[in-house]
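Please look over the sequence and the structure shown below before reading on. The paragraphs that follow walk through one model, moving between side-chain pairs, metal sites and a bound ligand.

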Amino acid sequence: MSKKLNLKETGELLLAAKSLIFCCHVSPDCDTLGSALGLMRFLEQQGKQVTLLVDDVINKSFSFLPGIAKAQMPEADKEYTADLFVVIDASSWDRIGICNQVVKAKQLLNIDHHISNTEFAEYLYLDAQAAAVGEIMVDLFETCGWEMDKAMADNFYTAISTDCGSFRYSNTTPKTMRQAAKLLELGVNPNEINENLGLNSVATMQLLAKVLPTITFALEGRVAYIKLTNDLYNKETSTETFVNIVRYIEGVDVGIFFKEVEPGKTRVSMRTCKTDAAAIAVQFAGGGHVRAAGCTVMAPIDEAVDQVLAAIAKEMDK
Ligand code: AMP
Ligand code: MN
Ligand code: MN
């Protein structure tokens with residue numbers, strides 16, 4: 001169990017540390033990266049020594065995020081020490097790659113918005129109502145009276161807009177939009193961010209052309225899925241947006257993207273209209289939100305499909 005902090009206590013814990021290590025979750029998205037980068041920037045301005053570790057490839061289209069060059073890949077034979085270890089947007093200890101082994105810090109703080117949070121950290125700030133950790137960041141700055149500059153605002157806006165599908169997903173609330181409006185008042189240009197973020201690489205589009213013909217409908221058309229087999233997998237090629245294609249189809253409740261990242265190891269991304277995605281993902285030691293969740297199934301892709309479809313069928317019958 002974690003000690004639950006409020007925003008003020010979270011701010012105090014952050015300011016009490018002289019050195020901090022920030023860490024993002026694997027398969028990093030713009031919520032984990034933008035939230036970490038914006039908060040780090042503020043803490044650096046307060047004279048703190050801050051390191052950012054990300055144990056995964058960072059999508060090239062995220063290179064516009066202010067400060068992204070600070071992200072370091074942790075090395076397995078190194079030890080990273082600090083007063084405070086801050087884990088951002090990760091709901092469990094196994095979501096941060098080798099950072100859970102190489103970081104030695106006096107205290108551990110987790111800032112998260114996943115309903116499936118496992119309370120792995122000593123200190124936790126959790127807001128499962130927040131559409132993104134970026135939204136929590138805006139709250140934190142406001143509660144603590146911290147000054148936010150344009151670079152921080154760009155990071156937090158990108159964090160928020162990514163996790164709420166540019167204000168279209170069901171997690172978008174009036175507060176989400178109010179927070180975003182405050183960031184626009186600091187000079188954020190949503191169109192400019194979209195031009196960066198919405199840009200697909202040629203390799204991604206070529207891969208999509210191969211993945212799309214695998215589309216299959218199951219459980220009387222309530223499930224649609226696409227598959228990326230291991231022979232086509234290249235970790236440098238972003239597939240972030242693929243799952244959305246199967247989510248928005250007439251009659252489909254659950255859209256799934258199966259990606260065989262190693263022979264016998266299949267990464268699963270789920271998006272839903274009605275069924276609880278997180279409830280399915282946790283059955284495979286994954287997690288996420290009610291409408292968006294993920295997990296890794298230790299099985300070849302077709303076996304993983306069978307296992308996940310069986311779990312969905314049960315969940316739908318409830
Ligand atoms: P994705 O399908 O990878 O975009 O993930 C959808 C949501 O589920 C995001 O909020 C992820 O952070 C979360 N998620 C994905 N995989 C896992 C996992 N293995 N454990 C916990 N949360 C996950
Ligand atoms: Mn995330
Ligand atoms: Mn998030």
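A starting point is Lys4, which has a relative accessible area of 45% and therefore counts as partly exposed. This is a predicted model, and in it the side chain of Lys4 meets that of Glu119 in a salt bridge, with an N to O distance of 3.3 Å. The two partners come from distant parts of the chain, since Lys4 belongs to strand E1 (residues 3-4) whereas Glu119 sits in the loop between E6 and E7, 115 residues apart. Side chains of opposite charge can pair when their charged atoms come close.

The structure holds eleven salt bridges, and two others can be followed in the same manner. Asp149 forms a salt bridge with Arg41, and the closest N and O atoms of this pair are 2.8 Å apart. Here too distant parts of the chain are linked, with Asp149 in the loop between helix H4 (133-144) and helix H5 (150-163) and Arg41 in helix H2, 108 residues apart. Asp149 counts as partly exposed because its relative accessibility is 21%, and Arg41, at 31% relative accessibility, counts as partly exposed as well. A further salt bridge joins the side chains of Lys227 and Asp302, 2.7 Å from N to O. Because Lys227 lies in strand E9 (residues 223-228) and Asp302 in helix H11 (residues 301-317), this pair ties together parts that are 75 residues apart in sequence. Asp302 has a relative accessible area of 46%, so it is described as partly exposed.

Attention can now turn to the metal ions. The manganese ion (ligand 2) is coordinated by His25 through NE2 and by Asp29 and Asp89 through OD atoms, at 2.1 to 2.3 Å, and along the chain these donors follow the spacing H-x3-D-x59-D. His25 counts as buried because its relative accessibility is 3%, where buried means under 20% relative accessible area; Asp29, at 14% relative accessibility, also counts as buried.

Which residue bridges the manganese ion (ligand 2) and the manganese ion (ligand 3)? Asp89 does so, and the two ions lie 3.5 Å apart. The manganese ion (ligand 3) is coordinated by Asp31, Asp89 and Asp163 through OD atoms and by His113 through NE2, at 2.1 to 2.4 Å, with the donors spaced as D-x57-D-x23-H-x49-D along the chain. Within this site, Asp31 in helix H2 (residues 30-45) and His113 in the loop between strand E6 (103-112) and strand E7 (123-126) link distant parts of the chain, 82 residues apart, and both Asp31 and His113 are buried.

The remaining site is that of ligand 1, which is surrounded by 14 residues, the closest being Arg95, His114, Arg267, Ser269 and Arg271. By class, this shell has three nonpolar, eight polar and three charged residues. Strand E11 (265-272), strand E12 (287-288) and strand E13 (292-297) each supply at least two residues of the shell, and E13 gives the most, with four residues. Among the contacts, a polar side-chain atom of His114 lies 2.8 Å from an oxygen atom of ligand 1, while an N or O atom in the side chain of His289 is 3.1 Å from an oxygen atom of ligand 1. The backbone takes part through Gly294, where an N or O atom lies 3.4 Å from a nitrogen atom of ligand 1. Taken alone, ligand 1 exposes 480 Å², and the protein buries 85% of that.

Key: Residues are numbered from 1 along each chain as its sequence is written. Chains are lettered from A and ligands numbered from 1 in the order in which they are written. This is a predicted model: local features need pLDDT of at least 70, side-chain atom pairs count only at pLDDT 80 or more; totals for chains, interfaces and linings use all residues. Side-chain values use heavy atoms; hydrogens and water are left out. Donors are N, O and S atoms within 2.8 Å of the metal (3.2 Å for Na, K and Ca); water is not among the atoms, so sites may look incomplete. Buried means under 20% relative accessible area, exposed over 50%, partly exposed in between (1.4 Å probe, protein chains only). A residue is near a molecule or strand if one of its heavy atoms lies within 4 Å of it. A polar contact is a pair of N or O atoms within 3.5 Å; within protein, one must be able to donate a hydrogen and the other to accept it, and residues adjacent in sequence count only if both atoms are side-chain atoms. Accessible areas come from the Shrake-Rupley method with a 1.4 Å probe; for residues, only the protein chains shown count as cover. Ala, Val, Leu, Ile, Met, Phe, Trp, Tyr, Cys and Pro count as nonpolar, Asp, Glu, Lys and Arg as charged, and the others, Gly among them, as polar. A salt bridge is a side-chain nitrogen of Lys or Arg within 4 Å of a carboxyl oxygen of Asp or Glu.
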